[in-house]
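Here is a colleague's note, written as numbered points for someone new to reading structures. Please keep the sequence and the 3D view open beside it, and look up each residue as it is named.

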Amino acid sequence: MSARRASSEASLHKRFEQAISEGDLPANSDPAALARFVVTVNCGISVLAATGATRTELLRVVETALQAWPQ
């Protein structure tokens, strides 16, 4: 599982670098930190879902996480 997580994180990191170079994310964004953030939120949501969180609760987590996203 750790190898899969690391692979996903590396893929996101690369994609966020591309997004920065294309102007889709601010130039001062940290692609490594953003990738880690997305993977962490995803893992947390997975745990919540597996332990009975409702769709509404999970969507609230996503909404909150998006508030931290670079403008």
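**Notes on the model**

1. E57 has its place in helix α3, and, since this is a predicted model, that placement and everything below should be read as computed from a prediction. The residue is partly exposed, because its relative accessible area is 43%, a value that lies between the 20% limit for buried and the 50% limit for exposed. A polar atom in the side chain of E57 lies 2.7 Å from the backbone nitrogen of T54. Elsewhere along the chain, I45 is 12 residues apart from E57, and the C-alpha atoms of these two residues are separated by 9.5 Å.

2. It may help to step back to the whole protein before going further into single residues. The protein has 3 helices and 0 strands, and its elements, taken from the N terminus on, run α-α-α. The C-alpha trace spans about 40 × 30 × 15 Å along its principal axes. Of the contacts with a separation of 6 or more, 45% are accounted for by residues that stand 24 or more positions apart.

3. The surface and the charges deserve a paragraph of their own. The protein consists of 71 residues, of which 18% count as buried, and it exposes about 5200 Å², with carbon and sulfur atoms supplying 57% of that area. There are 7 positive and 7 negative side chains, and the centres of these two sets lie 7 Å apart.

4. Which residues does E9 touch, once those up to four places away in sequence are not counted? They are A35, R36 and V39, and with R36 there is also a polar contact of 2.9 Å that joins the two side chains. E9 itself lies in helix α1, which covers residues 2-21. Although its side chain takes part in that polar contact, E9 counts as buried, because its relative accessible area is 12% and the limit for buried is under 20%.

5. P31 is found in helix α2, and a student may like to compare its surroundings with those of E9. With a relative accessibility of 14%, P31 counts as buried. Leaving out residues up to four places away in sequence, P31 touches H13, F16, E17 and I20. P31 and E9 are 22 residues apart in sequence, and their C-alpha atoms are 10.0 Å apart in space.

6. S29 is found in the loop between α1 and α2, the latter helix being residues 31-50. Is S29 buried or exposed? It is buried, with a relative accessible area of 12%. A polar atom of the S29 side chain lies 2.9 Å from the backbone oxygen of P26, and, when neighbours within four places in sequence are left aside, S29 is in contact with I20, L34 and P70.

7. The next point concerns aromatic rings. The structure holds 1 aromatic pair. The rings of F16 and W69 have their centres 5.5 Å apart and their planes at 65°, so the pair is edge-to-face. F16 lies in helix α1, whereas W69 lies in the segment after α3 (55-66), so the pair ties together parts that are 53 residues apart in sequence. The two partners can also be set side by side by accessibility: F16 is buried, with a relative accessible area of 10%, whereas W69 is partly exposed, with a relative accessible area of 23%.

8. G44 closes the list, and its place is in helix α2. How should a relative accessibility of 29% be read for G44? It counts as partly exposed, because only values under 20% are called buried and only those over 50% are called exposed. G44 and A33 are 11 residues apart in sequence, and the distance between them, C-alpha to C-alpha, is 16 Å.

Key: Residues numbered from 1 in each chain as written. Predicted model: local features only at pLDDT ≥ 70, side-chain atom pairs only at ≥ 80, totals over all residues. Heavy atoms only, no water. Helix = DSSP H or I, 4+ residues; strand = E, 2+ residues; numbered from the N terminus. Buried < 20%, exposed > 50% of the residue type's maximum accessible area, 1.4 Å probe, protein only. Polar contact = N/O pair within 3.5 Å; in protein donor to acceptor, adjacent residues only side chain to side chain. Contact = heavy atoms within 4.5 Å. Areas by Shrake-Rupley, 256 points an atom, 1.4 Å probe, with all protein chains shown as cover. Lys, Arg positive; Asp, Glu negative; His and termini not counted. Charge placed at Lys NZ, Arg CZ, Asp CG, Glu CD. Phe/Tyr/Trp six-rings, centres within 6.5 Å; stacked < 30°, edge-to-face > 60°.
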